[in-house]
Structure formats: C-alpha cells, structure tokens
Amino acid sequence: DAIATRMPRVCSVRRSWRLPIALVTAVVVAEAAVLAMRPRDRGPEPLRVEPRAYFSDAQIERAEAFRTGQLWIYAAQTAIGLGVLAVLVRRAPARLDSARRPVLAGAAVAAAISVATGVAALPLSALARERAKDVGLVTQDWTGWAGDRAKSQAIGAGFAALGGAVLVFGMRRFGRRWWLPGAAVVVAFGAITTYAGPVVLDPLFNNFERLPPGELRTDVLALAREAGVDVGEVYEMDASRRTTAANAYVTGLGRTKRVVLYDTLVDDFTPEETRMVVAHELGHVRFDDMRNGLIWLAIVSPFGLWAAALLAERLAPRGAALGPRAVPAVALSIAIVVPAVTMVSNQLSRDVERRADAFSLELTRDPRTFIAFQERIAVKNVSDPDPPAVVRLLLGTHPSTIQRIGMAEAFAR
C-alpha cells in the first residue's frame, strides 16, 4: 500500500521536472550547435576603435535615438502579441473539442490567431513606420504600406492555417509525441520556403531584374570566378519604392540561388563599394550559409518543439491538450521558446557575417573601401554604429559597425 501511494507522487514529480528539463535542453542543444558550427576562419580580431573617429556626435545621437524608440516599439509589439495569445488560450471555446472536422477547425483557429495578433500590433507598426519616415528612410505612401501589410497578413494567415491543420493532424495521429514529426515538418517547411521563396513569395512585394550587361555585372562575375563561387544569378531589386536604405542579400537554394542587390545600393554607392558588398555576399555562397542554416534548424527544432509541446500542455485548458482548442497554447508556447533559442542562434549569425566580411576583405584586398562603405551605410540606414552590449548579445545578427570597422583596421595592419 505504501508503494502504491508513493508511485503517483513520484510520477507527478517527474512530470513537474519535464518542462524545465526540456527548456534547458533546448537552449543547451542550441548553444552546442552554435559551437559545433561556428566558423573558425573569422578573420583578424577587431581592433578597438572609437566611434567618434568615424562618425560625428550628431550622427551617433540621431542613430541612438532612432534605435531606442524602435526597440521600445518592438518590445511593446512583443508584449501585445503574447497578451493576445494568452487571452486566446484562456478563452478558446470549449465547443472546439467536439468539432466535427478537427483538422479544419485547427486551421481556422490558427488563421484567426495570425489575424488577431497582426491587427493588434498594427498601430505600433504604423508608429514604427512613421518614425522611419521622420528620419528619411521611408519613400512609400500609406496606401502602398497598407497594401503590403494586407498581403503579408494574408500570406501569414495562410501559412498559419496550414500549420494549424498539420498540428491538429499530428496530435490526433501521434498523441503527445506530435512534436517529433512536427520537427521534420518544420525543417521541410524551411527548406521549401528557402528554395521557393525567391521565385514565389518575393516577387509579390518587389520587382527583380537580372543585372544587365555592363561593368557591374562583369565585375560581379569576375569576382565570383576569382572566389571559385557558383553565384547562380545576380538580381537588382526595386527597394527604392519603399525605402532609401541600402542592402544586399543571398537567398535561395540550388536553381533558385541568387545574390540580390538593392537598387539604392547600385545607384547611391561607388562601384568599388558595391563590389565590396558583392564580395561579402559571395562569401555566404562560398560557405553554403543558407544550407548550414537549415542544418542548424534540423538539429535544434526537435528539442525546441519538445519544450514547446510540454509548455503547451501546462498552458492549455484542462482536457484540451490534443485538439483544436490547444492550438492557441501551442502558438503561445512557440512564441516563448523561439525567441530564447533565436537569441542563442544570433551568436552563430554574427560569426557567419564576420566570416563573410573577412572573405570580402581577402577577396578585394581593399580595407579602406570597406571602412568607407561601413561609414556611409550606417549613416544612410540610420544604424547605431555601436549599440549597447546587451542589445548586440540578444538581438544582434551582425557584428556592429564599429566591430566591422575594427576588423578592417586590423586587416589593414
């Protein structure tokens, strides 16, 4: 009798420990994956440089003020999103448990969650847009902005509906272990969207044109040959329809792999500066950074979803752990777990970007142009050249401008 009485208590203690163990495991595995995949060839250690040696007091103060306000808006949007999800968890209708078509009900609930959180954050998104306009970053009118938001919301709701349907199907088929096949679905979704995004989703928002024959295209292809990189294709994007900011990026896999240059970059910067940016993006192609991102996701997602599944069981209303009424709890759990894991992954992102910078410097052998570009791009994009350490640690996906300048100064020596 004593053993029989003690067993339920032991099981209860074990269940109570499962969630914290899962949360810690998700973070530890994410950190281990970062350490295992961290690039070794990250270039010279950046020299300590003083921001005011490269930027005026007015430029620094303007960037700091803009960054601080945008961060507060971001924090408020995050809090509102979590608050909306918490309300939906507690007020999910009990009749969802008896839905005749639970998979469709799961899709509808997930789409409704996407719309509700998007609408709740809309005023703050408009405020962030207005602040960006005040510093000269926005060129798009309110009609265009509203159209983009509507398209983004529709696409997000569609993806959410698909996710909700797959989630409920997985719960009904695999029970409390739905997170195992769920991790495979997450990785597959990431691979599909990475491959198809450049040709299916991106053209919904911007026009992309192949770089026409000319000096820039010839230079890009020559750089690619020199680097031993299959660049795929190089496109110019009409970013100026929305912003004055300049940028470039690599996207796609296989046949959809491409380097994309903002037209603001091509038009407003010197050929030498644009060449430097292209060399950076070729570094991402050279080291297969898109593929490596999917590998990191495949390592971490099972543990992250395990933690989210256990947290959802705690948050979901009693008796609703494995049906449509559990969808808000899963959404809230993912909204809590993913940022924690992402903060860990940002370490890897910063090192990957640093390696691409080092590749660019090695390929072009032109640190002075690199530094000049970093100065100009920070001012043009109203970027804080030296944000606080805590901001870099938690949110930084790239080295700070001052760190990048410091590495170029070390390379020059």
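Among the elements of the chain, helix 1 has the lowest mean pLDDT, 77, and helix 13 the highest, 97. Here pLDDT is the predictor's confidence in each residue, from 0 to 100, and helices (H or I, at least four residues) and strands (E, at least two) are DSSP runs numbered from the N terminus. Over the whole chain the mean pLDDT is 92, and 96% of the residues reach 70 or more. The model is a predicted one, in which local features need pLDDT of at least 70 and side-chain atom pairs count only at pLDDT 80 or more, while totals for chains, interfaces and linings use all residues. Residues are numbered from 1 along each chain as its sequence is written, and side-chain values use heavy atoms, with hydrogens and water left out.

## The nonpolar cores

Let us start with the interior. A nonpolar core is a set of buried Ala, Val, Leu, Ile, Met, Phe, Trp, Tyr and Cys residues joined through side-chain atoms within 4.5 Å. Buried means under 20% relative accessible area, exposed means over 50%, and partly exposed lies in between (1.4 Å probe, protein chains only).

The largest nonpolar core holds 41 residues, and the members that touch the most others are Trp-178, Trp-296 and Val-327. Two or more residues each come from helix 1 (2–37), helix 2 (57–91), helix 3 (102–134), helix 4 (142–174), helix 5 (179–200), helix 9 (289–315) and helix 10 (327–364). Helix 9 gives the largest share, 10 residues.

Trp-178 is a good place to look around. Leaving aside neighbours within four places in sequence, Trp-178 is in contact (heavy atoms within 4.5 Å) with Leu-167, Gly-170, Met-171, Leu-305, Ala-309, Leu-322 and Val-330. Apart from this core lies another, of 31 residues, including Leu-223, Val-229, Tyr-262 and Val-278.

## Residues in helices 1 and 3

Val-29 sits in helix 1 and counts as buried at 16% relative accessibility. Not counting residues up to four places away in sequence, Val-29 touches Ile-299 and Phe-303. The C-alpha atoms of Val-29 and Val-341 are 9.4 Å apart, although 312 residues separate the two along the chain.

Helix 3 offers two residues to visit. Arg-129 belongs to this helix and is buried, with a relative accessible area of 6%. Beyond neighbours within four places in sequence, Arg-129 has contacts with Val-138, Gln-140, Asp-141, Trp-142 and Trp-145. Ala-116 is also placed in helix 3, but is partly exposed, with a relative accessible area of 28%. From Ala-116 to Gly-81 the C-alpha distance is 8.8 Å, with their positions 35 residues apart in sequence.

## Loop residues

Next come three residues in loops. Most residues other than glycine have a negative phi. Asp-288, however, has a positive phi near 55 degrees, and Arg-365 has a positive phi of about 55 degrees without being a glycine. Asn-247 touches Leu-261, Tyr-262 and Leu-265, not counting residues up to four places away in sequence. The C-alpha atoms of Asn-247 and Leu-265, 18 residues apart along the chain, are 6.2 Å from each other. The table gives the setting of each loop residue.

| Residue | Loop between | Relative accessible area |
|---|---|---|
| Asn-247 | strand 2 (233–237) and strand 3 (248–251) | 41%, partly exposed |
| Asp-288 | helix 8 (271–286) and helix 9 | 35%, partly exposed |
| Arg-365 | helix 10 and helix 11 (367–380) | 54%, exposed |

## The second largest pocket

Finally, a pocket. On a 1 Å grid over the protein atoms alone, a pocket is an open set of points with protein on both sides within 12 Å along at least five of seven lines, and lining residues have an atom within 4 Å of a point. Grid points are joined across faces, edges and corners, and a volume is the space filled by probe spheres set on the points.

The second largest pocket has a volume of about 340 Å³. Its lining has 14 residues, of which Arg-350, Asp-351, Arg-354, Pro-399 and Gln-403 are the closest to the centre. Helix 10, helix 12 (389–395) and helix 13 (401–412) each give two or more residues to this lining, and the largest share, 4 residues, comes from helix 10. By type, the lining residues divide into 5 nonpolar, 1 polar and 8 charged. In this count Ala, Val, Leu, Ile, Met, Phe, Trp, Tyr, Cys and Pro are nonpolar, Asp, Glu, Lys and Arg are charged, and the others, Gly among them, are polar.

Notes:
On a 1 Å grid over the protein atoms alone, a cavity is a set of points where a 1.4 Å probe fits but cannot get out, and a pocket is an open set with protein on both sides within 12 Å along at least five of seven lines; lining residues have an atom within 4 Å of a point.
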